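Q: I have a new model open and would like to learn how to read it feature by feature. Could you walk me through it?

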Amino acid sequence: MKKDNLKHRDINWLFFNERVLLEAKSTDTPLLERLKFLAIFSSNLDEYFKVRVSQLRQIKHLDKKFRKKLMFKANSTLQHILKIINEQQVEFGKVIKATLSELEEHNIYVRNTSNFTNEQKQFLESLFDESIKDFCSVHKENLELTDGALYLAVTHSGHKYSIVEIPTENQDRFIALPGDGHQFCYLDDVIRLNIQKLLPNKEINACYSIKLSRDAELYLEDDYSDLELVEKIYNSLDKRLSGQATRLLYDETMPSWLIDALKTDFKLGSVDLSPGGAYHNLSDFFSFPLPKGTEHLQYQEKPALPHPELSYSKNIFESISKKDQLVHFPYQDFKVVEEFLTTAATDPQVIAIKMTIYRIAKSSSLADAILTALDNNKKVTLFVEAQARFDEANNIKWGRIFEEKGAKVIFSIPQVKVHSKIAMIYRNEDDKVKRYAYIGTGNFNAKTSKIYCDHGLFTADKKITKDLSQVFQVLERKIIVPKLKRLLVSPFTTRITFLNLIQNEINAAREGKKASITAKMNSLEDSNMIKALYRAVNAGVDVRLIIRGFCCYLTANDDVNEGMKDNIYITSIVDRYLEHGRIYLFENGGDQLMYIGSADWMTRNLDRRIEVLTPILDPDIFDELKHILTLQLDDNQKARVLDLENSNKKVAQAPGQEDIRSQYAIYDYLKNKLDENR
């Protein structure tokens, strides 16, 4: 098998973002919801430049001997990436234009300086004077632009320019206007309309939007398995500046002299310049006003369902003790997780709480529960991920608060992230300490639980909870290697167990027995796992994958032009909610094995993060989760095929086959089960 017989992750990620854009373009998506997909596309791309493109730009400056070890040419990869992005940006602009045009058919208008009425101009001039002007800052050349902030480059006579920052921190991005129907404008245009007031002594020619993205810091240990190589890369980048500019997005109508001036003044290269539209940070479409009477242009409300057992339980610990419980978000209410901890915080029999925190909300019931537990003298041990990209400051802030209140707070160590989503309650029962565990695929975050599709297992199973206690001892640095019987834990047993399970399927296929692997994850990148899948496919194992994001699987054949074999099929679902659950199912000679947890088949998840996956042992919830997985496998409305050509074509619906939109089908399935049990 060729070493390079994999798709490049950074290039393939762009085709995931294309799937997001296709949802924004789809007439099946309610009109106002298309704006949110445009926002997701824009937000994704911003983060991509801050992290992935930044990394490539830095690596291309390494010595050749180091670059060879990385097995790809950073510069040519970067050129390929920018070509695809520029093509997508053109399509992005077309979709925005078409969406705004269609909104006008429903009396929703986004006005600009060219079509404000006199009444609207007067309104905006007064608004500017009263509420906006004092927050606007004017700068000359050589300003140090803030990452992600919006600015206007204002040209005046003599090929001179000034920079005006758009105060989005102090004002809503979209301003409601007087007039018939529902009329709005960008905050940018309020400033454009009043720009002369900010530069009273200048002869102004025009205003152009600009935005600078900066390096979000390199986390090379996330992506390369050779830690010695990582150290050499860091040492070779002694000239790397934290927060270095990675992309200047500018209005494509900007004159060439101004582009050259910005390029010089901000010390940018040609590769750092990206033409765009008249408005940037379109992730702000997340906050686009939803006028009354436009509910038909939005998703039909689907309130979170109560859990059939836990939501009605008089004692949540008794319910979990009798039988494992599985929860599914956003279909079911996240309050069951909050109740698990809030009950523990006040229960006199609970003596200790341990949990991991990867991304905690700025304010939450979970945080309140932890503080209450501390007030009630419970022993609380928290493992806070200090390297959760873009959430570092918030996580550390909460960690310090808990620490001051008396919790034992352990921050993650360098090069090992705590990515697992686990909690354990220790409770005195019958003169013994009984353990209650929660193991999930998603973060302890009520806000994201409304938009991320995740699963969580509550269990008092002695072997699982004993294993989990071992994991917590590792996190507390009391032991180095856990002794495990049930759980898969990275970086200790996850990789080898999955490789053995794949090999078992290969052996079964060679013996003519039924053999299959079904896996759902966010991303597939690890070369050894992919090569194991190649061996399985070549041996005749049926392989069915659902991959939300990038997928580096290329082909099990030596000749990439031969195409994929018939016994592997890969799809991706992008819909109303963000697919985030990880589910792994193996035929296992007829005694099927299923795991859920926090780990994707990425090198970092297998080798350099603390990840936990649990087997599903209860036959009832095994069947429930398998049914949910089957609905996703059968999706023919929102699923797209991940093929060699990166076509992102929709899954073909067989003649006579019923419509299956898996996210809605899962909601209906859980609702029907709830109704049957009540």
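A: Gladly! Let's start with vocabulary: helices (H or I, at least four residues) and strands (E, at least two) are DSSP runs, numbered from the N terminus. Keep in mind that this is a predicted model.

Q: How many helices and strands are there in the chain?
A: The chain holds 19 helices and 26 strands.

Q: What share of the residues in the chain is buried?
A: The cut-off to have in mind is that buried means under 20% relative accessible area. By that rule, 58% of the 678 residues in the chain are buried. Contacts add to the picture: among those in the chain with a separation of 6 or more, 75% join residues 24 or more positions apart.

Q: How should I look at a single helix, say α1?
A: Try its length, then its surroundings. Helix α1 covers residues 9-25, which is 17 residues. From first C-alpha to last it reaches 25 Å, close to the 24 Å expected at 1.5 Å a residue. As for surroundings, 14 of the 17 residues of α1 are buried, so α1 is largely enclosed by the rest of the structure.

Q: What describes two packed helices?
A: Two values do: the angle between their axes and the distance between the axes. Take α15 (residues 494-510) and α16 (residues 527-539), which pack at about 10° with their axes 9 Å apart. Angles under 35 degrees count as roughly parallel, and that makes α15 roughly parallel to α16.

Q: Which residues make the contact of α15 with α16?
A: From α15 come Arg 495, Phe 498, Leu 499, Ile 502, Ile 506, Ala 509 and Arg 510. Their partners in α16 are Asn 528, Met 529, Ala 532, Leu 533, Arg 535, Ala 536 and Ala 539. Sorted by class, this contact has 10 nonpolar, one polar and three charged residues. For the spacing in such lists, a general idea helps: an α-helix has 3.6 residues a turn, so residues three or four places apart point the same way.

Q: Are α18 and α19 roughly parallel or roughly antiparallel?
A: Begin with the angle again. Helix α18 (residues 619-633) packs on helix α19 (residues 662-677) at about 150°, with their axes 8 Å apart. Angles over 145 degrees count as roughly antiparallel, and that makes α18 roughly antiparallel to α19. The crossing of α18 past α19 is right-handed.

Q: Which residues of α18 and α19 meet?
A: On the α18 side they are Glu 624, His 627, Ile 628, Leu 631 and Gln 632. On the α19 side they are Ser 662, Ala 665, Ile 666, Tyr 669, Leu 670 and Lys 673. The residues of this contact divide into six nonpolar, three polar and two charged.

Q: Now the backbone: which peptide bond leading to Pro 330 or Pro 491 is cis?
A: Look at omega for each. The bond from Phe 329 to Pro 330 is cis, with omega near 5°, and Pro 330 sits in the loop between β10 (325-329) and α11 (335-346). The bond from Ser 490 to Pro 491 is also cis, with omega near 5°; Pro 491 lies in the loop between β18 (488-490) and α15.

Q: What is the phi of Asn 281, and where is this residue?
A: Asn 281 is not a glycine, yet its phi is positive, about 50°. Its place is the loop between β9 (273-276) and α10 (316-322). At 13% relative accessibility, Asn 281 counts as buried.

Q: Is Asn 588 buried or partly exposed?
A: Asn 588 counts as partly exposed, at 25% relative accessibility. Asn 588 also has a positive phi, about 55°, although it is not a glycine. You will find Asn 588 in the loop between β23 (583-586) and β24 (593-597).

Note on methods
Residues are numbered from 1 along each chain as its sequence is written. This is a predicted model: local features need pLDDT of at least 70, side-chain atom pairs count only at pLDDT 80 or more; totals for chains, interfaces and linings use all residues. Side-chain values use heavy atoms; hydrogens and water are left out. The expected span of a helix is 1.5 Å times one less than its number of residues. Buried means under 20% relative accessible area, exposed over 50%, partly exposed in between (1.4 Å probe, protein chains only). Axes are lines fitted to C-alpha atoms, for helices over the stretch in contact, and angles run from 0 to 180 degrees between N-to-C directions. Angles under 35 degrees count as roughly parallel, over 145 as roughly antiparallel, 65 to 115 as roughly perpendicular and the rest as oblique. Contact means heavy atoms within 4.5 Å. Ala, Val, Leu, Ile, Met, Phe, Trp, Tyr, Cys and Pro count as nonpolar, Asp, Glu, Lys and Arg as charged, and the others, Gly among them, as polar. A crossing is left-handed if the near helix is turned anticlockwise from the far one by less than a right angle, and right-handed if clockwise.
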